[in-house]
Amino acid sequence: MKNYLSGLILVGLATSMFGGESLPILPEYFSVRNAEPREWSNFPLVAEKSELSLEFAAPQPEKWKSLTLRQAETKQLWELTINGKKIGDLVRDHNDLESAYDIPVGLLQETGNQLRIFTKSPIPDDVQLGQIELHDCPISTLTDGIPLKATVVDESGQPLPCRFTIVEAKSKTLALTSETSNDQQAVRTGVIYSLNGTLSAKVRAGRDYEIFVGRGFEYEILKYDAQSLAATVSPIILKKQVDTSGLISCDTHLHTLEHARHGDCSVVERLISIAGEGIELAISTEHDKHIDYLPTARRLGADRYFTSVVGCEVTTHEGHFNSFPVAPELKPAEHLLRPWPEIFRNIFKTGAKVCIINHPRDIHRNFRPLDPVRWDVASGTFTDGRKLEANGFELINSGATQSDPMELTHDWMALLRSGHRIAAVGASDSHTVNFAIPGQARTYLAVNDADPATINVDAAVTEFLEGRTHVSFGLLAQLKIENDDLIATVSGPDWTRATQLSLFENGTEIDSITIPGPEGCKAGLKSTLRKKIAPARPGTFYVAVARGPGITEPWWMMMPPYQPASPENNPYVFAVSSAVFPGGR
C-alpha cells in the first residue's frame, strides 16, 4: 500500500509567503470504509472509521473562507458537511489529490463546529481522507501562488497538444491549480490537457512540485520541478518513442457528461483530451444517442489532430454494444429490446458496420453477457442457443478493467476457434477527464496515418471487419509470419515495462519468454520472439500477448478493476496482437 502519511503533517497556524494563514483541523490521514467487506486488500482488515466525523474550533470564525483536504480512492459519492450544511462532494476519483471548498459566510462558530464526510451508498468503498485545513482566503486566492509556464512542441517545432500533470513532490498528491477549463484546455485537480501545448497556471505557495509532460502511449514523459520549469525558456520538445508508422490509434468508446449524463467531461474537454492523448480516430459512443463531435472540433481547431466518427453505445438489458459508423440523421437503435436477434438487427439498421460487445464479463442490469450459465469457453459457444452477431470484442476496457486480462483474451480466442469472425478491441470507456483516461486502452489499425484529420474511415472499418486490430494498454504487440517463422514483437515507451511475451496457437500457449528488466524498459522495440511453425491448416490462428506491471504514478494512473474478482489490485500493462491465420480462415 502506498504511504498515505508521507505528506505534510500540519501543526498549529501556518503562514504562507503571502501572509495568509491556514488552520489545520485534522493533520492525520485515515482509512475510511462505509460498509463491509473491505474493497481492497491494501486497506486495513478492519476499517478505522465508517465515516469521518469530528468537532473543531475556529477562532475568529468569520476569518476562515475555505477548506482543503486530501483524498484518495474515492469511488462512491461522499458528501462533506459542516454544522449540518452541505458544502460539497468529494471528487469521485481513485487518484490521490487535494480538493478545496469555499465556506459560506456565517457558517462557522468559535467552538463546537461539526464536520462530517460520509456516503449514503451501501456499496463498500475504501477511501483515504484527512489533512484538513481552514484558510483565511477563498480558493482563488489560495492557488494564486507559484507560476508555472511552459510551451510544448513536436520535433518539427509545431505546437503539440499534451497533458501536464502537477503533483506535490513529497506525497505525489495531485495539486490544486488556479486554472479552469476553456476552449484551449481541459482542467482537473493536478491535470491540464492543453490543445495548443501551453501551460500557464499557478499553484499554492510554500510547497515543492513536480510537473510531468506527456501525450499518451506513443510519447516520452518529461519531468520537471517548479524551478527547472521556470528556467526553461525554450519550448519543450516532446519526442515520440513508439514507432507507429502506418498505424492509427483509435478509441472506440468515448462519452461526455452532456450526453451520457454521468461522469464529468464536457464535449469540449473530451475533444481536448483526445488530442492530448494522441488518439487519431475517435468514436463518439454516447448512450443511445447519435452525437457528432465534428462541429465542435472544427470550432476549437481540434479537428486537425484526429478524425471523429459518429457511433452509439446501445445499452440494452442484455449487454452494451458500441456501433459505428452510424447515420446521424437516423433514429438510434432501440435499447429496450431484449432478444439478441432483434438487438443486432436494429443496430445494423442504423448504418453501422462495426458492432462491438462491450465489457463482456461485467454485470449490468443483472445481466452478464459471458456468464458461465450460458457461455462455454471450451467450445466458444452459448449453451442457451444464442448467437453473437457482434464483429468486435472489447478485450481491454481501461475504464472497467478485469482482475485477470487473460480471461477475456481466452474468451475472444474461443470465439475465433469456434469460427466467429470477431476483432479484438481496446478502448477507454472514458466518461471523465482524468478518472478514466481517454485512449489509455486503444486499438491500432493499419491505415494511412499521414494526416490524422483525414483518416479513411472506410479503410478503418475494413480493418475491423477483417480482424486486423492490435489491442494496446501501455504496450503494443504485433505478429507476422516470414517463411515458416512466427515473429512476435512488443513495443512501448520507456515508462512502461514488458516482462513477458507469449505466443498462442488456437488459444493454447505454445511459447513464452521472460523479458529482462533493462530490455523490457527500453523505448521503442522492447523484445522479439521467433518460433518455427509447421504449415498450418485452414482455421489455425496465432496470437501474441505481452504483459508487464501497471502504471501507478499519477501522470497515467490505471484504474483498479471495476468489478474485481478479488480484493487484490495488481495493475498491469497488456497488449494483444491481431490473430494471424497463415492457412486462411
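Two strands pair if DSSP finds at least two bridges between them. With that in hand, a convenient place to enter this predicted model is a hairpin. Strand 12 and strand 13 form this hairpin with two residues between them, and the turn includes Gly-190, whose phi is positive at about 75 degrees. The two strands, spanning residues 185-188 and 191-194, pair in the antiparallel sense, and four bridges hold this pairing. Within the hairpin, Val-187 stands opposite Ile-192 of strand 13. Strand 13 also has a partner in strand 11 (residues 162-168), again antiparallel and again through four bridges. Here Cys-162 stands opposite Ser-194.

What becomes of the two faces of strand 13? Both are covered: Val-191 and Tyr-193 are buried on one side, while Ile-192 and Ser-194 are buried on the other. The pattern is easy to follow because, in a regular strand, side chains alternate between the two faces of the sheet.

Elsewhere, nine strands make up an open sheet with mixed pairing, in the order 20-19-18-28-29-36-35-32-33. Strand 20 (307-310) and strand 33 (508-514) are its edges, each pairing on one side only. From one strand to the next, the twist averages 20 degrees. Inside this order, strand 18 (residues 248-254) and strand 28 (residues 442-445) run antiparallel and are joined by three bridges. Cys-250 stands opposite Thr-443 of strand 28 in this pairing.

Two helices pack on the sheet. Helix 7 (residues 405-417) touches strand 32 (500-505), strand 35 (542-549) and strand 36 (572-576), and the direction of helix 7 makes about 15 degrees with that of strand 36. Helix 8 (residues 457-465) touches strand 18, strand 19 (281-284), strand 20, strand 28 and strand 29 (469-473). The direction of helix 8 makes about 105 degrees with that of strand 28.

Helix 8 repays a second look. Its buried residues are Ala-460, Val-461, Glu-463 and Phe-464. Seen down the helix axis, these residues fall within an arc of 155 degrees, so they line one face of helix 8. This fits a simple rule: an α-helix has 3.6 residues a turn, so residues three or four places apart point the same way. At the N-terminal end, helix 8 is capped by Asn-456, which places a side-chain oxygen 3.1 Å from the backbone nitrogen of Asp-458. After helix 8 comes Gly-467, with a positive phi near 75 degrees.

Helix 4 (residues 267-276) offers another case. Since 10 of its 10 residues are buried, helix 4 is largely enclosed by the rest of the structure. The buried residues include charged-type names such as Glu-269 and Arg-270 alongside Val-267, Leu-271 and Ile-274. Just after helix 4, Gly-278 takes a positive phi of about 75 degrees.

The largest nonpolar core has 98 residues. Those with the most contacts inside this core are Phe-306, Ile-347, Leu-388, Phe-393, Trp-412 and Phe-574. Helix 7 supplies the largest share of the core, seven residues. Which residues does Trp-412 contact, leaving aside its neighbours within four places in sequence? They are Phe-393, Leu-395, Ile-422, Ala-423, Ala-424, Val-543, Val-576, Ser-577 and Ala-579. Apart from this core lies another, of 27 residues, among them Phe-30, Leu-67, Ile-82 and Val-127. In soluble globular proteins, nonpolar side chains tend to be buried together.

Two single residues complete the picture. Phe-321 has its place in strand 22 (residues 319-324). With a relative accessible area of 0%, Phe-321 counts as buried, because buried means under 20%. Beyond four places in sequence, Phe-321 touches residues including Trp-340, Phe-344, Ile-347, Cys-355 and Asn-358. By contrast, Ile-117 lies 37 Å from Phe-321, C-alpha to C-alpha, and 204 residues away in sequence.

Is Arg-361 buried or exposed? Arg-361 is buried, since its relative accessible area is 12%. This residue lies in the loop between strand 23 (354-357) and strand 24 (375-376). The side chains of Arg-361 and Glu-407 are joined by a polar contact of 3.5 Å. Among the other residues that Arg-361 touches are Arg-368, Trp-375, Gln-402, Asp-411 and Gln-563.

Key. Residues numbered from 1 in each chain as written. Predicted model: local features only at pLDDT ≥ 70, side-chain atom pairs only at ≥ 80, totals over all residues. Heavy atoms only, no water. Buried < 20%, exposed > 50% of the residue type's maximum accessible area, 1.4 Å probe, protein only. Axes fitted to C-alpha atoms, helices over the stretch in contact; angles between N-to-C directions. Contact = heavy atoms within 4.5 Å. Core = buried A, V, L, I, M, F, W, Y, C linked by side-chain atoms within 4.5 Å. Arc of directions from axis to C-beta. Polar contact = N/O pair within 3.5 Å; in protein donor to acceptor, adjacent residues only side chain to side chain.
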